[in-house]
There are 2 protein chains.
Amino acid sequence: MDHLKALDIYRTHIEKYIVLNDEEWTVFKDHLSIRTLKKKQNFAEPGLVCNEVGFIILGSVRYYNVREGEEITGYFSFENEFVSSYKSFLTRQPALNYIQALEPTIFVTFSQKSMQLMLAPPLLAYKIERFGRLIAEYYLCCYEDRMTAFITKTPEERYLDLLSTGRDVLQRIPQHYIAHFLGITPVSLSRIRRKILVSPL
Amino acid sequence: MDHLKALDIYRTHIEKYIVLNDEEWTVFKDHLSIRTLKKKQNFAEPGLVCNEVGFIILGSVRYYNVREGEEITGYFSFENEFVSSYKSFLTRQPALNYIQALEPTIFVTFSQKSMQLMLAPPLLAYKIERFGRLIAEYYLCCYEDRMTAFITKTPEERYLDLLSTGRDVLQRIPQHYIAHFLGITPVSLSRIRRKILVSPL
DNA sequence: CCAATTTCTTATCTTTTGTTAACGTTTTGA
DNA sequence: TCAAAACGTTAACAAAAGATAAGAAATTGG
């Protein structure tokens with residue numbers, strides 16, 4: 001995967017948010033970097049401000065917190081999704097969570113500083129405001145769905161939802177990560193799976 | 001509470017997001033409405049697109065879903081907070097939840113249509129893009145905190161957090177609403193409260 | 001002011017979930 | 001390739017939470 005190819009993919013995907021002409025893209029592109037992580041390396045970690053918003057070209061990450069020595073996985077992201085400890089990025093407060101590569105992962109990233117520069121009025125400001133708005137809205141919709149599921153559904157239902165909509169998530173991710181993502185323990189998820197196997201639906 | 005007073009309060013509060021000069025305010029103001037709800041009336045409901053973003057001048061609301069005939073309260077908002085079924089507002093898909101006034105409540109609102117009009121390039125567009133970005137970011141930070149608490153904390157800890165940071169929430173809201181907000185049943189919350197009373201800290 | 005409703009607590013019983021540990025399988029990395 | 005580590009399942013027990021019901025207290029709405 002060479003850099004130009006990665007940037008092309010990025011440009012194509014953000015066209016859902018903002019369409020840049022060649023002049024704008026030239027400026028924007030200079031604010032983008034390629035970042036690669038090996039498996040288990042961190043994109044973000046607690047105590048450090050997350051200064052970047054990434055976009056996964058290839059690979060995947062998990063978001064997790066450490067509580068009483070245990071890792072609790074809260075979320076995953078895959079190809080063509082944005083990745084950031086976004087509250088930290090926005091507020092410049094230290095992050096509370098790790099973001100860790102689950103496999104060798106290639107990102108296109110821009111920094112908080114670049115965001116500020118591009119928001120300063122010359123060429124791109126207007127479109128970057130929109131870009132920032134749409135990224136925030138994208139995250140917000142994810143969170144709203146997830147929060148609603150937690151309030152109104154049982155762990156078993158959330159697992160079944162994941163089964164039906166979950167693309168290849170369940171194949172690519174260790175099951176005990178999925179368990180925490182669902183808000184339960186790995187043992188409990190194993191029980192739910194057996195129950196479903198025995199009496200499917 | 002007369003309308004001019006309410007609009008003044010609104011203008012003051014949104015200055016955290018965008019500062020409008022008098023000309024801009026004049027235009028913006030024409031897109032604002034005052035909406036009042038009696039106790040138990042709905043700001044939004046399932047099946048209908050939520051076409052407004054409100055801001056509470058006086059009063060409070062709860063967000064809730066209905067599941068198997070039971071109302072499950074997921075969130076609250078009070079004075080000086082935005083109110084909307086925001087994903088519905090953004091996507092123009094029907095909302096999944098009710099938003100109900102907990103007491104007689106006064107809102108300043110703008111509509112989806114106004115948002116679109118103000119985003120169309122003449123005077124305000126740039127500032128409205130920013131406004132939209134900052135509202136989305138505001139919501140996103142709320143959601144991120146809440147989601148993290150759900151993944152990493154027990155119901156008892158979430159209740160203690162609410163006790164320490166909860167302003168007057170606990171005084172103003174029936175306890176069984178709080179219970180669902182914490183992700184547990186009212187009976188269970190009652191038990192947690194007793195446990196804390198018996199052995200505080 | 002008072003009856004009706006809502007709210008909170010408590011008790012009992014049931015179900016679900018967590019904890020710990022054991023065991024077999026799979027994956028990993030040197 | 002092979003030993004170590006990670007992973008998933010299962011069992012047994014403990015702890016937490018849900019369901020239901022009853023009763024007291026508080027609030028509400030005529």
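In this predicted model, Phe43(B) and Phe107(B) are both buried. Their rings form an aromatic pair whose centres are 4.8 Å apart and whose planes make an angle of 40 degrees, which places the pair in the tilted class, since tilted pairs are those whose planes are neither under 30 degrees nor over 60 degrees apart. The pair joins distant parts of the chain, for Phe43(B) belongs to strand E2 (residues 42–44) of chain B and Phe107(B) to strand E8 (residues 105–111) of chain B, with the two positions 64 residues apart.

A second pair in chain B has another setting. Trp25(B) and Phe28(B) lie three residues apart in helix H2 (residues 22–29) of chain B, so about one helical turn separates them. Both Trp25(B) and Phe28(B) are buried. Over all chains, the count of aromatic pairs comes to 40. For Trp25(B) and Phe28(B), the ring centres are 6.0 Å apart and the planes stand at 40 degrees, so this pair is tilted.

In chain A, aromatic residues also come together in a cluster, one that includes Trp25(A) and Phe28(A). Among its other members are Tyr10(A), Tyr17(A), Phe55(A), Phe82(A), Tyr86(A), Phe89(A) and Phe110(A), and Phe131(A), Tyr138(A) and Tyr139(A) belong to this cluster as well.

From the aromatic residues we turn to the contact between the chains, to which chain A contributes 37 residues and chain B contributes 36 residues. Together the two chains bury about 3500 Å², and 65% of this area lies on carbon and sulfur atoms. Charged and polar interactions also cross the contact: eight salt bridges are counted between chain A and chain B, together with 16 residue pairs in polar contact, both residues being at pLDDT 80 or more. In one salt bridge between the chains, the side chain of Arg130(A) meets that of Glu129(B), with a distance of 2.5 Å from N to O.

Which elements of chain A supply at least two residues each to the side that touches chain B? They are strand E4 (61–67), strand E5 (70–77), helix H3 (86–91), helix H5 (125–152) and helix H8 (175–182) of chain A. Of these, H5(A) gives the most to the side of chain A that touches chain B, supplying 20 residues. When the residues on this side of chain A are divided by character, 16 are nonpolar, 10 are polar and 11 are charged.

Terms used: Residues numbered from 1 in each chain as written. Chains lettered and ligands numbered in written order. Predicted model: local features only at pLDDT ≥ 70, side-chain atom pairs only at ≥ 80, totals over all residues. Heavy atoms only, no water. Contact = heavy atoms within 4.5 Å. Buried area = accessible area lost by both parts, 1.4 Å probe. Salt bridge = Lys/Arg side-chain N within 4 Å of Asp/Glu carboxyl O. Polar contact = N/O pair within 3.5 Å; in protein donor to acceptor, adjacent residues only side chain to side chain. Helix = DSSP H or I, 4+ residues; strand = E, 2+ residues; numbered from the N terminus. Nonpolar A, V, L, I, M, F, W, Y, C, P; charged D, E, K, R; others polar. Phe/Tyr/Trp six-rings, centres within 6.5 Å; stacked < 30°, edge-to-face > 60°. Buried < 20%, exposed > 50% of the residue type's maximum accessible area, 1.4 Å probe, protein only.
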